[in-house]
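Trainee: I have a two-chain model open and would like to understand the words people use for it. Could we go through them together?
Mentor: Gladly; let's take a look.

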Amino acid sequence: MANGTNGSNGKGGAGTKLLSRVKETGDKLGNSQVMTSIFRPGSVFRKGYTDSPRNRSYVIMNNVLYHLHPVKVKRHAVKVSYTLCLGGLSFFLFILLTVTGIFLMFFYRPTTAQAWSDIQHIETAVYFGSLVRNMHRWAAHLMVLSVFLHMSRVFYHGAYKAPREFNWVIGVILLTLTLLLSFTGYLLPWDQLALWAVTVGTNMMGYTPVFGSQVRFVLLGSKEISGDTLLRWYVLHVLMFPFVTVIFMAVHFWRVRKDGGISGPL
Amino acid sequence: MADIPDHLLKRSAERRKALGLPAKDGDAVDEASSDAPAEAGVEVPAVEPAAPGEGPAPAVDPPAGGGESKGGVPAHLLERAARRRAALAGGEDGAAVPAAAGAGGTATATATRTIATPTATGPGGHTQRLLTVVKSGSIQQTKAEAQDKVHTWPHLLVVEFACVLAMMATLLIFSALVRAPLLSLADVNQTPNPSKAPWYFLGLQELLTMFHPMVAGVTIPGMGLFMLMVAPYVDKNPSHKPNDRKFMISMFTIFLMFWAVLVIIGSFFRGTGFNFVFPWKDGIFFEL
């Protein structure tokens, strides 16, 4: 027994020495200029986190991602049964689509000669290519659905009413942009499904009164769907619509906060 | 005034004691009774002339004058400014003409002079000044009464994180199991039968069977979007309660059902030649 205590004592001595060394090194690293320049003074990554109202606020205040939220929200806003997370999930799907989309862009060329075989190549020869393409496609359909359901949720809660009228209008624009993003992406695989779905869709737009044929020409980049259309829709899909969508999303999220957070309980 | 938390008032009282400034009357009123703002408003003009009146610098006096007290600056701030000014004026007087320091001014004067005046201060020793009082309502929609709020971390972020994980898991599993369609290479000369638009446009394609393309493809969807956008400006009913909004709720439900039914018919009940079929009898002509 005595031996055991001795042993553990000796070990404990070495252990505490090691621990203090580790702690010292940690402190040195933590207080280094590099770390202090990365994390803001109140950041929990610098001063550690113990649960306190102040630290709970610091978590939000010192992180650009969480800064989307205010430090405090209404208690009812936390209930999943109120929002069903639909707006947040739409945003998350948008991010997921951006990430998977960037992955796909590495292997895809928007020309009539290469587009379809590139998709086949992604499906068969690229690591995780098939999975990522599936995710991109299903997430796109899901995003159309979730944006639509989000709109319905907001309507049934009467959350479009003053002072949130303008944010509702932005929301309708975002719904349109979501549809456009999905529709432009639909053509890119350049298979029979893509070609004819887009033919049906653009024929409809060609019936715009007065300048229908002009609208159709601008959309297609030619009289009929061709390689020019593919290039045009590719640029719209990967660059222009995401860019515009991000701008409208920024205004949308900003207005949510400025209009007093999400709407009250019924 | 009423919305200053107790602990801040207490802290300021302690600080004031440490500085040797006289205790603020407003605090006493605040703590003693739930004061009406009107009461404090009445109090200010009474206190104000008295305080600078002892520090006899007339040049300092006018800015503190009664004209400002009506300018929307909270009474307690005015009062505090007046006291501070009085204290400083007393201090300067104490240095220049000791005899001139009034009976009330002496105590504050000596107390103020023990604090080293910081360099690069403005007139009157201030290191900062009140530019404006921004009311919270002018920046953000706020409610006057206190709201039941919780911290975003952990209460909201945990929920969001769980939602994101669940969605991610579902999508990952679904994508691992179900392949996205890739038909044969596009061929302009070979029209598949039927040719269908993406599912969210199938409602429009369904309308094409009933109306002229201009009506079905442009007018109706355009009107739909327009109606959605103007909905909040047309709906003047301020209530959020479902019972008070029966008309708008039924309108929107009809709108939703209209599209849902059309999309479902277009997706599953249209076969070769876009003719009406039953999916359980003739099979499904639908690709996502």
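**Reading the labels**

Mentor: Keep in mind that this is a predicted model. Strand E1 (residues 72-74) of chain A and E1(B) run antiparallel to each other, joined by three bridges.

Trainee: What makes these two strands a pair?

Mentor: A pair needs at least two bridges. E1 of chain A and E1(B) have three bridges, so they qualify. Within this pairing, Val73(A) sits opposite Val150(B).

Trainee: How many residues does each chain bring to the contact?

Mentor: Chain A brings 70 residues and chain B brings 63 residues. On the chain B side, H7(B) gives the largest share, 14 residues. That side divides into 39 nonpolar, 14 polar and ten charged residues.

Trainee: Why is Val210(A) called exposed?

Mentor: The cut-off for exposed is 12 or fewer other C-beta atoms within 10 Å. Val210(A) has 7, so it counts as exposed. This residue lies in the loop between helix H10 (192-205) and helix H11 (212-220) of chain A, and its phi is positive, near 70 degrees, though it is not a glycine.

Trainee: And why is Phe274(B) called partly exposed?

Mentor: Phe274(B) has 18 other C-beta atoms within 10 Å. Buried needs 20 or more and exposed needs 12 or fewer, so 18 falls in between and Phe274(B) is partly exposed. Phe274(B) also has a positive phi, about 55 degrees, without being a glycine.

Trainee: Which peptide bond involving Pro154(B) is cis?

Mentor: The one joining Trp153(B) and Pro154(B), with omega about 5 degrees. Pro154(B) is in helix H7 of chain B.

Key. Residues numbered from 1 in each chain as written. Chains lettered and ligands numbered in written order. Predicted model: local features only at pLDDT ≥ 70, side-chain atom pairs only at ≥ 80, totals over all residues. Contact = placed C-beta atoms within 7 Å. Helix = DSSP H or I, 4+ residues; strand = E, 2+ residues; numbered from the N terminus. Nonpolar A, V, L, I, M, F, W, Y, C, P; charged D, E, K, R; others polar.
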